[in-house]
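Reader: Please take me through one part of this model in detail. I would like the sheet, and what packs on it.

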Amino acid sequence: MSRFVCLQSSVQIAGKSRGCHLITNELMHQLNDIKAVKVGLAHFFLQHTSASLSLNENADPDVRKDLEASLNRIVPEGHMYAHDAEGPDDMPAHVKSSLLGCSLSIPITNGALNLGTWQGVYLCEHRNHGGPRTIVVTLQGELFEM
């Protein structure tokens, strides 16, 4: 008889500079419960409005640089925003967060995230000096039989 589990925890990610950061290993080091899930789903929800989560290439760091540069071309900083009390990088950060999103759902297979060969989880920090970020992780799935 299989057992189904639903677990939720928060993962703290240290503050990062502006840019796209590969955080797959940082997440996995804080998610010991995932090892007990045979098949299921991991949902990651970033509790912030000026950063985002993305799934993208994990091999070439130039992809992260190019993604950041592309986002800056799409959503430039400047004085064209009504919401500017928190600095010129704040409103563009909210727009970028809305474009990329604050959540990811990734399959779990045999106790690990079932990512493609070249896929990794990015934290995209859209503020010049982002603080620590909290990600709520919900794991759902069938446990390994004991």
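Author: What follows is a close look at the sheet, the helices that lie across it, and a few residues around them.

Keep in mind that this is a predicted model. First, the setting. The protein chain has three helices and eight strands. From the N terminus they run β-β-α-β-β-α-α-β-β-β-β. The C-alpha trace spans about 60 × 30 × 20 Å along its principal axes. Of the 146 residues in the protein chain, 40% are buried. Take the contacts between residues at least 6 apart in sequence: 84% of them join residues at least 24 apart.

Now the sheet. Three strands build it, in the order β2-β7-β4. The sheet is open, and its pairing is antiparallel. From one strand to the next, the twist averages 20 degrees. β2 covers residues 17-22 and β4 covers 51-57. These two strands stand at the edges. Each has a single partner strand, so one side of each lacks a neighbour in the sheet.

β7 spans residues 119-129. Its pairing with β4 is antiparallel and runs over seven bridges. Its pairing with β2 is antiparallel too, with five bridges. Some individual pairs help to fix the register. L55 has V121 of β7 as its bridge partner. A51 is bridged to E125 of β7. G19 also stands opposite E125 in β7. E125 is thus a handy landmark: look for A51 and for G19 across from it.

How enclosed is β7, and why? Eight of its 11 residues are buried, so the rest of the structure largely encloses this strand. Buried here means a relative accessible area under 20%.

Next, the helices. α2 takes in residues 61-74 and lies across β2, β4 and β7. Its direction is at about 135 degrees to β2. α2 has 14 residues and reaches 20 Å from its first C-alpha to its last. That is close to the 20 Å expected at 1.5 Å a residue.

Which residues of α2 are buried? They are R64, L67, E68 and L71. These buried residues cover an arc of only 95 degrees around the axis, which puts them on the same side of α2. The spacing fits a general rule. An α-helix has 3.6 residues a turn, so residues three or four places apart point the same way. On the other side of α2, K65 and R73 are exposed. The buried residues of α2 pack against β2, β4, α3 and β7.

α3 runs from residue 90 to 100 and also lies across β2, β4 and β7. It makes an angle of about 160 degrees with β7. In α3 the buried residues are D90, P92, A93, H94, K96 and S97. They pack against β2, β4, α2 and β7. So the contacts between the two helices can be read from either side: the buried residues of α2 pack against α3, and those of α3 pack against α2. After α3 comes G101, whose phi is positive, near 100 degrees.

One loop deserves a stop. A59 sits between β4 and α2. Its relative accessible area is 40%, so A59 is partly exposed. From the C-alpha of A59 to that of D90 is 30 Å. Those two residues are 31 apart along the chain.

Last, the cysteines. How many disulfides does the whole structure hold? A search finds zero. C6 is in no disulfide, and the nearest cysteine sulfur, that of C102, is 18 Å away. C102 is in no disulfide either; for this residue the nearest cysteine sulfur is that of C124, 12 Å away. A disulfide needs the two sulfur atoms within 2.5 Å. As for accessibility, C6 is exposed, at a relative accessible area of 51%. C102 is partly exposed, at 25%.

To put the part back together: β7 pairs with β4 over seven bridges and with β2 over five. α2 lies across these three strands, and α3 does as well.

How values were computed:
Residues numbered from 1 in each chain as written. Predicted model: local features only at pLDDT ≥ 70, side-chain atom pairs only at ≥ 80, totals over all residues. Heavy atoms only, no water. Buried < 20%, exposed > 50% of the residue type's maximum accessible area, 1.4 Å probe, protein only. Pairing = 2+ DSSP bridges. Helix = DSSP H or I, 4+ residues; strand = E, 2+ residues; numbered from the N terminus. Axes fitted to C-alpha atoms, helices over the stretch in contact; angles between N-to-C directions. Contact = heavy atoms within 4.5 Å. Expected span 1.5 Å × (residues − 1). Arc of directions from axis to C-beta.
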